[in-house]
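Student: Hey, can we go through this one together? I'd like to start with the rings and then look at the sulfurs.
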Amino acid sequence: MNFEIEVDECDESPCANGGACSDYIAYYACTCVAGYAGENCATDINECLSSPCVNGGTCTDSIDSFSCSCPAGFSDGTCATDVDECSADPCTNGAECDGLPPVTPDQYVCSCTAGYAGENCATDID
């Protein structure tokens with residue numbers, strides 16, 4: 001009689017990066033944790049491949065996530081929000097501020113009241 005002993009292929013811990021191994025007759029299968037893929041869960045999924053950062057943001061891949069480094073004038077997780085530079089109230093002496101498009105991101109324009117001039121309307125020209 002020839003009896004074969006079933007070998008537990010999971011004994012060798014073939015699944016990387018926290019993947020769970022399931023043993024079957026003469027083969028195994030890995031169930032990967034989020035952020036990894038491949039037969040043995042050895043491949044880090046690059047979440048930056050889908051270009052999630054917009055408006056010139058730079059993407060940095062992490063395990064099962066990404067982060068965006070936004071250029072001046074943009075914010076939020078994907079750099080999609082144009083920052084309202086007028087929210088800091090940069091214009092003085094009753095001037096009206098405009099920081100939304102078509103003004104260039106990271107810029108604002110102050111509309112000075114009569115008698116004032118300069119970038120933030122701080123210069124008294126009377």
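Student: Is tyrosine 27 buried, exposed or partly exposed?
Tutor: In this predicted model, tyrosine 27 is partly exposed, because its relative accessibility of 46% falls in the class between under 20% for buried and over 50% for exposed.

Student: And what about tyrosine 24, buried or exposed?
Tutor: In between again: tyrosine 24 is partly exposed, at a relative accessible area of 37%.

Student: How many aromatic pairs are there?
Tutor: One aromatic pair in the structure. Tyrosine 24 and tyrosine 27 make it up, with 4.9 Å centre to centre and 15° between the planes.

Student: Why does that pair count as stacked?
Tutor: Planes under 30 degrees apart count as stacked, so the 15° of tyrosine 24 and tyrosine 27 puts them in that class.

Student: OK, sulfurs now. How many disulfides does a search of the whole structure find?
Tutor: Nine. Among them is the link of cysteine 32 and cysteine 41, with the sulfur atoms 2.2 Å apart.

Student: Which hand does that link of cysteine 32 and cysteine 41 have?
Tutor: Left-handed, with -95° about the S-S bond. Cysteine 32 is partly exposed at 27%, while cysteine 41 is buried at 0%.

Student: What's the S to S distance for cysteine 112 and cysteine 121?
Tutor: That disulfide has 2.0 Å from S to S. Its torsion is about -90°, so the bridge between cysteine 112 and cysteine 121 is left-handed.

Student: And where do those two sit, buried or exposed?
Tutor: Cysteine 121 is buried, at 0% relative accessible area, whereas cysteine 112 is partly exposed at 31%.

Methods
Residues numbered from 1 in each chain as written. Predicted model: local features only at pLDDT ≥ 70, side-chain atom pairs only at ≥ 80, totals over all residues. Heavy atoms only, no water. Phe/Tyr/Trp six-rings, centres within 6.5 Å; stacked < 30°, edge-to-face > 60°. Buried < 20%, exposed > 50% of the residue type's maximum accessible area, 1.4 Å probe, protein only. Disulfide = S-S within 2.5 Å.
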